Amino acid sequence: MSNATPKQLIHGNQIVADQWTLVKLPVLGEEVVRKQAGKVVLFKLTGEPGASAEQIAATEIPASGKVIVPLSVWLARKAELQERLAKGELGVWLATHEVVEALAADQADLNVFPLIAVFVERFADGRIFSIGNLLRTRHAYKNELRAFGDVLRDQLFFLKRCGYDSYLIRADRSAEDALAGLQDFSEPYQGAVDLAEPVWRRRQRNGATA
Amino acid sequence: MYKYDEIDQAIVNERVAQYRDQTRRYLAGELSDEEFRPLRLQNGLYIQRHAPMLRIAIPYGTLASYQLRKLAEITRRYDRGYGHFSTRQNLQLNWPRLEDTPDILAELATVQMHAIQTSGNCIRNITTDQFAGIAPDEIIDPRAVAEIMRQWSTFHPEFALLPRKFKIAVSGSQQDRALVQAHDIGLEFFYDADHKMAIKVWVGGGLGRTPILGTVINEQLEWQHVLTYCEAIIRVYNLHGRRDNSYKARIKILVKALGIDEFRRQVDAEWANLKDGPNTITEAELERVAHHFTRMPYDTLPAHDASFDAAIASNPAFAAWVKRCVHAHREPGYRAVTLSLKPYGVAPGDATTEQMQVVADLADRYSFNELRVSHEQNLILTDVRLSDLYALWETARAHGLATPNIGLLTDIICCPGGDFCSLANAKSIPIAEAIQRQFDNLDYLHDIGDLELNISGCMNACGHHHIGHIGILGVDKDGSEWYQVTIGGKQGSDASLGTVIGPAFSADEMPGVVQRLIDVYIAQRSDEERFIDTVRRIGVAPFKEYVYADKAGKKEAAHV
Ligand code: HEM
Ligand code: SF4
């Protein structure tokens, strides 16, 4: 990545340089035509396979530096990636139709990963929120949790509340502007990941005066 | 009713600021149509045929008079002098300008109101019985829990972008008046054997394209767990509900696809992790909120009032109104009153600026400064003294709010339809008006008795046609407007979905069709039998036969 491109990553409430390289599955042959025009059809109940064995085998992983590999690649090529993991150079990403359990079932302590990232293809796909929540609460994941893909300012506050602390803003949007979205509300009602307690446990609330 | 503290107020104020900036960015071209869409929808803003439409939340249908006055002022200042009360107990403005919507929200925030989550794929306004707190058949007043749930669902971060909209209704009476079985989640409150508050939980109901009544997922949930239990349900739905086809995206489709047992298993597995967590409601929190819904400061009154009895005896018009529009109350000497928004010749549910002001005045004078909106699209004053009814009636009548047709055929539930809605197959309001004209004889109407007639302009079923005793649905045939008729639908604890009687009709035919359905009922009914009872007893066939008798005749004639 050239130095001239604006920084798109928000982490720890500020804009920072991205040290991670995203590894994608290669497209082999013709891309499968999806049925519903332009929309995501990857839907768990329909059981569409995530990635083929060939794609997984053909995925090229840079030999050095910090890399984020697809969940399917991690699961299939774990042995070869152990060294990178030990060096703190390996993160894993999953897409919103993939299930957190697939990652957790095979790796009891998710904190071996310095980074887990979740790819959201369309910003309106709210599965990303539940996935963040599950990673943080059910699986006690504590390190960097990143949202990338169609990540826009108006979803940041929700993402933050669901446990994300790292946001790679869509390339055509200003990360500077997006930063403001993290401050949309000062005292939310319900307990969530960032503030586990609902407001009536956090603050003294008065009863009715009338 | 619930009054905001500084925390509630800060949230609506911050929402106004957030939305104002979103609108600014949209108008400046920084947000695409597609990106702005879910943002404006979560604020109740649709883009419709004539103009944007703004839906304002009236949580569980409860309003204070000062709030209604503000709504009246908004309809005058930003709209065309009227608003539309909807079947989900909200108020819709048909003519606001997009540029004005941030100011409208700012005005609303000054009276503790908002438009948060009145549309969009999120948890919507929670609805309940319009007689909550005063109904003689009430077991538990569901409003405190409804308010706790309103707060919990407001900007719930995990459920901000669900596969589809999500509607919750709560009810605490013997006769369900909140349609709990027609909601994504329906909560029915009762006392368990130890006299503790418990909840029967229904899931997967809904009307629309695929009408389904809900299924019980939990027979008895302790009230403290209602938030975590709903979180478990909605999380399973959020992760696994379909997102590829919006017609198959409601939770009812997921419940059907998995089957209730498997769905329940997944919910229970999820809930095992959430149960007893921080969102478990405490006694203290319930008490704090319930304090806002305590008993009104009623006077001790005799059960009868001589002036009232005299007025009934001497004034048949008043008596007719009392019969239809005045309802039982649990306090002696008090009654609840429905102000009909169904006069003839006006779109059902519409109220003018002036009418809103009059109703606010009536609430101040006669009903502890509060009122309710019913899902039948009328306004309710819940706490009126018997001795005040006559004076109230006179004022209401002078302002077109006393049509004595509540629960009668002309108390039609009707969506905006083709006059306003861009999804419509057909107009619905003119059909309602034509039927009201056909049945404008009051004595006849009263003789027909209880009858619910619902009209929707398309399959989305905003007018709840499936559960009308008579349901009318606008359909499109070769680009012209037709109407399909169902009978035998019903809301309530013994809810049912209507049956289609046969091929669709043209608009002109509709009043005659309804007339014929009524003719069959009148001929067939036994004493005390309502239209719906007759349909249930004798079935659809006799109705169908008579309604289509002519048509068959005509066809035969044509073949000669
Ligand atoms: C004119 C603007 C309106 C539009 C574009 C609109 C659109 C829709 C759509 C698309 C649905 C179906 C959603 C689904 O099944 O997933 C729906 C359902 C519904 N609408 Fe509307 N609507 C409008 C006005 C209204 C009004 C004025 C009311 C109240 C009188 C209303 C009440 C409802 C209700 C109660 C449902 C739910 C039916 C169910 O349980 O599935 N809508 N609306
Ligand atoms: S039922 Fe159809 S026509 Fe009527 S308001 Fe809803 S979407 Fe529009």
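A residue is counted as being around a ligand when one of its heavy atoms lies within 4 Å of that ligand. Keep this in mind for the exercises below, which all use a predicted model.

**Exercise 1. Which residues are around ligand 2, and how does the shell divide into nonpolar, polar and charged?**

Solution. Start by applying the 4 Å cut-off to ligand 2. From the stretch that begins at Cys415(B), the shell takes Cys415(B), Pro416(B), Gly417(B), Cys421(B), Leu423(B) and Ala424(B). To these add Ser456(B), Gly457(B), Cys458(B), Asn460(B), Ala461(B) and Cys462(B). Now sort them: eight are nonpolar, four are polar and none is charged. Gly counts as polar here, so Gly417(B) and Gly457(B) fall in the polar group.

**Exercise 2. Find the only protein donor of the iron atom of ligand 1, and say where it is placed in chain B.**

Solution. Look for N, O and S atoms within 2.8 Å of the metal. The search gives a single protein donor, the SG atom of Cys462(B), at 2.1 Å. Next, trace the chain: Cys462(B) is in the loop between strand E17 (453-456) and strand E18 (470-477) of chain B. You have met Cys462(B) already, since it is also one of the residues around ligand 2.

**Exercise 3. Describe the shell of ligand 1 and its polar contacts with oxygen atoms.**

Solution. Begin with the shell. Of its 24 residues, those that come nearest are Gln92(B), Lys165(B), Lys167(B), Leu207(B) and Cys462(B). The shell holds eight nonpolar, ten polar and six charged residues. Then take the contacts one at a time:

- The side chain of Arg164(B) has an N or O atom 3.1 Å from an oxygen atom of the ligand.
- Arg250(B) also brings a polar side-chain atom to 3.1 Å from a ligand oxygen.
- Leu207(B) takes part through a polar backbone atom, 3.0 Å from an oxygen atom of ligand 1.

**Exercise 4. How many residues does each chain give to the contact, and what is the area buried between chain A and chain B?**

Solution. Count residues: 48 come from chain A and 53 from chain B. The buried area is about 4600 Å², with 55% given by carbon and sulfur atoms. For the charged pairs, the rule finds nine salt bridges across this interface. In one of them, Arg205(A) pairs with Asp5(B), their closest N and O atoms being 2.8 Å apart. Finally, 28 residue pairs are in polar contact between the two chains.

Definitions and conventions. Residues numbered from 1 in each chain as written. Chains lettered and ligands numbered in written order. Predicted model: local features only at pLDDT ≥ 70, side-chain atom pairs only at ≥ 80, totals over all residues. Heavy atoms only, no water. Donors = N, O, S within 2.8 Å, 3.2 Å for Na, K, Ca; no water. Helix = DSSP H or I, 4+ residues; strand = E, 2+ residues; numbered from the N terminus. Contact = heavy atoms within 4.5 Å. Buried area = accessible area lost by both parts, 1.4 Å probe. Salt bridge = Lys/Arg side-chain N within 4 Å of Asp/Glu carboxyl O. Polar contact = N/O pair within 3.5 Å; in protein donor to acceptor, adjacent residues only side chain to side chain.
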